[in-house]
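Subject: Structure handover

Dear colleague,

I am passing on the structure we discussed. Please look it over alongside the notes that follow.

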Amino acid sequence: MRTPNLSKKLRKIFLGKRQREISELSTSGIHQEILRAITAAPALPTSGEHLDVGSGTGDLLRLVCARYAFRSFGCDYTDKLLYVPGAEIHTVDLNRERLPYN
């Protein structure tokens, strides 16, 4: 039999983390996997361009900008969440517009 206090603690431990991950636009696990993939690239460029489509709050853009000398671009449907110093950001509604990149 569970005590109310134990049940509350278990919900906080297991459901609390799950709810945070679901409510985030992206997760730190996804960001870390992308950074690993960039690092593991057979011919890791020392410079170049990086595009983050669906940038959300810009967390991934900030991580890439901090580690690599890439020129970074980001786009999302709103600019309300996103500000990354040094990155060029575009607001794009992909239901009505094309991406503004060649």
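A crossing of two helices is called right-handed if the near helix is turned clockwise from the far one by less than a right angle, and left-handed if the turn is anticlockwise. Please keep in mind that this is a predicted model.

By that convention, helix 2 and helix 3 make a right-handed crossing. Helix 2 covers residues 28-39 and helix 3 covers residues 59-67; the two pack at an angle of about 35 degrees, and their axes are 10 Å apart.

Which residues meet there? From helix 2, the contact takes in His31, Gln32, Ile34, Leu35 and Ile38. On the helix 3 side are Asp59, Leu60, Leu63, Val64 and Arg67. Sorted by type, the residues of this contact comprise 6 nonpolar, 2 polar and 2 charged.

Now the sheet. It is open and is formed by 3 strands in the order 1-2-3, with parallel pairing. Strand 1 (48-53) and strand 3 (88-91) are the edge strands, each pairing on one side only. From one strand to the next, the twist averages 20 degrees.

Strand 2 (residues 70-76) runs parallel to strand 3 and is joined to strand 3 by 4 bridges. As for individual partners, Gly74 has Ile89 in strand 3 as its bridge partner.

Helix 3 links the two parts of this account. Besides packing with helix 2, helix 3 lies across strand 1, strand 2 and strand 3. Relative to strand 2, helix 3 runs at about 175 degrees.

Regards

How values were computed. Residues are numbered from 1 along each chain as its sequence is written. This is a predicted model: local features need pLDDT of at least 70, side-chain atom pairs count only at pLDDT 80 or more; totals for chains, interfaces and linings use all residues. Side-chain values use heavy atoms; hydrogens and water are left out. Axes are lines fitted to C-alpha atoms, for helices over the stretch in contact, and angles run from 0 to 180 degrees between N-to-C directions. Contact means heavy atoms within 4.5 Å. Ala, Val, Leu, Ile, Met, Phe, Trp, Tyr, Cys and Pro count as nonpolar, Asp, Glu, Lys and Arg as charged, and the others, Gly among them, as polar. Two strands pair if DSSP finds at least two bridges between them.
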